[in-house]
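Here are my notes on the structure, set out as numbered points for reading beside the model. I begin with a term that the later points rely on.

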Amino acid sequence: MTAFMGRDLGLLIVAFCTLAWATESIFHPVSQLHRSAALEFFSSPDGHFGSLVDTYEALRTFQVLGIQKDAKIRTSACASVLETLKSPTSDTKHIFHALKTNSLLTCEINHEVFWGIQSGLTDSLNGASALLDFYYAIGSLVLLKDQIPEVSLNEGDANRIAQSIKTLSQSDGRWRLNSNNPESSFDAAGMAIEAIAGVISLSTSEIDPNVIDALKNDVVKLFDGIQRYDDGTYYFEEKLVDAHGYQGPLSVSASVVRGIAAFAAVTPESLHLSDEKILGLSKYFLGIGVPGSAKDVYNLIDALACINNLKGSIPLLLSFPASVISTTKNNQVKVKATNVLGSVIPNLSIKLMQIFTKGSKDGSVIDQKLKYDHETEVHVLETLPESIDIGSYIFSFEAVFDDPEEKKNYATGGRTKVPIYITGVVSIDNAEIAILDSDSESSESVKLDLKRENAVSLSANHLQKMKLSFHLTTPSQHSFKPKQAFLKLTHESGVEHIFLVGTSGKKFEIVLDFLGLVEKLFYLSGKYGIQLTLGDSAMENSFLRTLGYIELDLPDAPEKAPRPPPQRVDVYSRYGPKPEIAHIFRAPEKTAPAWLSNTFLALVIIPFIGFIVSLFGLGANFKAFPKKTTSAAFALLFHVGIAAVLLLYVAFWIKLDLFTTLKVLGLIGAFLLVVGHKTLAYLAAASSSSKLKSS
């Protein structure tokens with residue numbers, strides 16, 4: 001049990017320190033977890049996802065993650081696309097989503113259908129005034145251009161439409177949905193930038209450079225309003241007070257990223273975006289992990305795909321399969337250079353530039369190149385620097401491209417600092433526990449083996465002291481000071497006392513002077529269990545070990561001495577099983593002899609037999625029994641009621657108690673009252689009729 005607790009203690013300390021001292025969070029690219037989540041959220045046995053919006057989001061997520069589409073999805077989705085495009089009642093929003101779905105499926109649609117909606121989209125664009133009208137109409141024309149290359153906008157129309165959209169922008173980089181709505185948002189900014197990018201791609205000639213410069217300036221101002229977490233992640237969040245139509249940070253950030261990516265794709269020059277903020281945005285999406293809804297999964301994956309195609313600012317991600325390196329197992333520091341979607345970035349090397357220790361700003365300069373393993377596609381630090389011992393460090397890595405010009409395509413963010421924990425087995429030597437007299441001379445001394453349980457038995461009085469000492473050394477033979485070094489004394493009554501073990505170089509030592517501790521020990525004499533705890537994130541053999549016990553003989557407590565605190569009540573003793581209760585029943589009372597009871601029964605039955613015999617002797621008959629059906633039924637029920645009363649008496653005699661018998665008798669009595677009244681009324685009427693006939 002104790003050994004198990006020791007292993008758990010070491011793991012707990014490692015986990016705690018990993019959380020407590022992480023200067024930069026480690027982010028991992030898209031993984032199999034995201035693919036599993038996509039398959040779960042976008043599951044459709046019949047191939048139908050509901051609306052075309054849901055269908056496009058599912059197909060786009062599958063496309064980015066490389067998930068094979070089911071043939072049923074194509075059949076169902078293409079039918080919905082064709083129906084929407086042919087319908088004369090379809091508005092620009094539905095046409096837009098139908099064309100987006102078709103761009104992923106390439107449905108077999110006649111070009112006449114595309115030509116039929118082209119003129120309607122152009123008319124809708126010319127009459128648009130709200131941002132959403134521009135967004136859907138322009139987006140539809142851009143998608144339509146993939147099917148009909150002739151679709152375009154002349155220079156005049158392109159500049160006019162771009163200026164109309166630009167009038168909805170605000171000074172802080174956000175945009176309004178229409179001129180009548182004073183509220184602006186980042187979500188609208190993403191759609192506006194994407195719409196203007198569509199205008200640029202549709203224009204037959206170069207658009208007004210002033211519009212391009214103004215839009216670049218809007219993008220810069222947009223990033224000025226970005227929010228930042230302490231771990232270096234960046235995100236966009238709406239400032240609207242009204243909760244109506246509120247979009248969360250994930251949805252808003254994804255909208256902005258789509259707009260920036262669309263604008264960067266149609267602009268020949270770089271947008272000169274901040275590498276730190278682009279990396280921060282990608283780390284924000286990756287830091288979310290696996291979202292909890294289909295919409296969030298789509299926004300996450302689509303945003304990462306857009307960032308991954310961001311010209312001149314593709315995020316380069318350094319991920320680490322493990323941040324805890326065991327010297328016992330000869331683990332190696334491994335680094336993987338990928339994009340946000342998990343694809344390995346070739347033609348570069350990783351260098352370990354510096355190593356920082358806890359609390360220091362200046363680290364040792366290493367400048368060591370990692371070896372690239374072509375099979376696992378990771379960069380490996382084969383050997384640790386000689387100056388590195390077990391403990392917590394900050395490793396600073398830098399990605400170096402073989403071709404310096406290729407670095408212009410990526411956002412590297414400079415050096416990546418990551419917490420690395422070097423662990424190993426700490427040697428515990430010269431462990432000894434002793435009882436000292438007042439003159440500090442040892443009267444009892446016992447050697448301890450702290451690699452296993454001990455069972456020492458000591459005794460002392462209040463004039464003596466107890467001394468515990470041991471040495472800790474690292475695998476490199478350096479002194480080691482663990483984060484936790486405690487000695488615990490537990491009285492047989494359950495009162496616990498914890499003492500901190502001090503250190504001096506490699507030697508750990510604690511001396512307990514019982515004369516000065518009698519009050520803290522509450523003057524409790526008796527047996528005390530001795531327990532030692534050593535733990536650290538770098539110490540693989542952290543433990544909580546029982547050393548034995550000590551019998552203390554302390555003086556009696558003075559009248560006003562402090563009393564030990566009340567001990568915690570054991571839940572199992574309070575709510576556990578109770579001792580079995582043995583019930584003692586009252587002895588049965590003495591009853592009459594059996595012959596006497598049988599004689600009484602015979603005396604009761606004799607009058608009943610005499611009654612039956614007298615009925616036949618007196619000539620009893622059924623001549624007066626009613627002949628009519630209704631009267632006969634009441635008479636029959638009356639006799640049944642009488643029989644029921646007799647049976648109730650029998651049941652009372654055999655089993656029933658008095659209260660139950662009275663309740664049932666009351667019900668039968670009420671029944672007899674009704675049917676008896678009917679029966680007697682019939683007999684009275686029959687008797688009167690016979691008297692009249694005789695007279």
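1. Two strands are taken as paired if DSSP finds at least two bridges between them. With that in mind, one open sheet of this predicted model consists of five strands in the order β18-β25-β24-β20-β21, and its pairing is mixed. The edge positions belong to β18 (456-461) and β21 (496-500), each of which has a single partner strand, so one side of each is left without a neighbour in the sheet. From one strand to the next, the twist averages 25°.

2. Within that sheet, the edge strand β18 runs parallel to strand β25 (residues 543-553), and six bridges join the two. One position to look at is serine 459, which stands opposite glutamate 551 in β25. As general background, strands of a sheet pair through backbone hydrogen bonds, either parallel or antiparallel.

3. Another open sheet is also built from five strands with mixed pairing, here in the order β7-β15-β13-β9-β10. Its edges are β7 (324-326) and β10, and because each has a single partner strand, one side of each is left without a neighbour in the sheet. Neighbouring strands of this sheet are turned against each other by 30° on average, direction ignored.

4. The two ends of this second sheet can be followed through their pairings. At one end, β7 and strand β15 (residues 416-423) run parallel and are joined by three bridges, with isoleucine 325 having isoleucine 422 in β15 as its bridge partner. At the other end, strand β9 (residues 348-357) and strand β10 (residues 364-369) run antiparallel and are joined by four bridges, and isoleucine 355 has serine 364 in β10 as its bridge partner. The hairpin of β9 and β10 has six residues between the strands, and in it glycine 359 takes a positive phi near 85°.

5. Two residues other than glycine deserve a look at their backbone angles. Asparagine 330 has a positive phi of about 55° although it is not a glycine; it lies in the loop between β7 and β8 (333-338), and with a relative accessible area of 62% asparagine 330 is exposed. Aspartate 367, also not a glycine, has a positive phi near 50°, but its place is in strand β10, and its relative accessible area of 43% makes aspartate 367 partly exposed.

6. Which residues have the most contacts inside the largest nonpolar core? They are Leu85, Ile165, Ile260 and Phe285, in a core of 100 residues. Helix α9 (residues 186-202) gives the most to this core, with twelve residues. Leaving aside neighbours within four places in sequence, isoleucine 260 is in contact with Ile193, Val219, Leu222, Phe223, Leu271, Leu273 and Leu310. A second, separate core has 69 residues, including Leu318, Ile420, Leu450 and Leu472.

7. Why do serine 319 and glutamate 57 count as buried? Buried means under 20% relative accessible area, and serine 319 is therefore buried at 6%, as is glutamate 57, also at 6%. Serine 319 sits in strand β6 (residues 317-319) and, apart from neighbours within four places in sequence, is in contact with Phe27, His28, Pro29, Lys334, Val335 and Lys336. Glutamate 57 is found in helix α3 (residues 52-65) and touches Phe42, Lys295 and Tyr298, not counting residues up to four places away in sequence.

8. The count of disulfides comes to one, formed by cysteine 78 and cysteine 107, whose sulfur atoms are 2.1 Å apart. The link of cysteine 78 and cysteine 107 is left-handed, with -80° about the S-S bond. It connects distant parts of the chain, 29 residues apart, with cysteine 78 in helix α4 (residues 71-86) and cysteine 107 in the loop between α5 (92-105) and α6 (111-126). Both cysteine 78 and cysteine 107 are buried. Cysteine 306 likewise counts as buried, at 13% relative accessibility.

9. A last point concerns confidence. The mean pLDDT of the protein is 87, and 93% of its residues reach 70 or more. Over residues 1-23, however, the pLDDT is below 50, although this stretch has 33 contacts in the model beyond near neighbours in sequence. Where pLDDT is low, the predicted coordinates should not be read in detail.

Technical notes: Residues are numbered from 1 along each chain as its sequence is written. This is a predicted model: local features need pLDDT of at least 70, side-chain atom pairs count only at pLDDT 80 or more; totals for chains, interfaces and linings use all residues. Side-chain values use heavy atoms; hydrogens and water are left out. Buried means under 20% relative accessible area, exposed over 50%, partly exposed in between (1.4 Å probe, protein chains only). Contact means heavy atoms within 4.5 Å. A nonpolar core is a set of buried Ala, Val, Leu, Ile, Met, Phe, Trp, Tyr and Cys residues joined through side-chain atoms within 4.5 Å. A disulfide is a pair of cysteine sulfur atoms within 2.5 Å. pLDDT is the predictor's confidence in each residue, from 0 to 100. Axes are lines fitted to C-alpha atoms, for helices over the stretch in contact, and angles run from 0 to 180 degrees between N-to-C directions.
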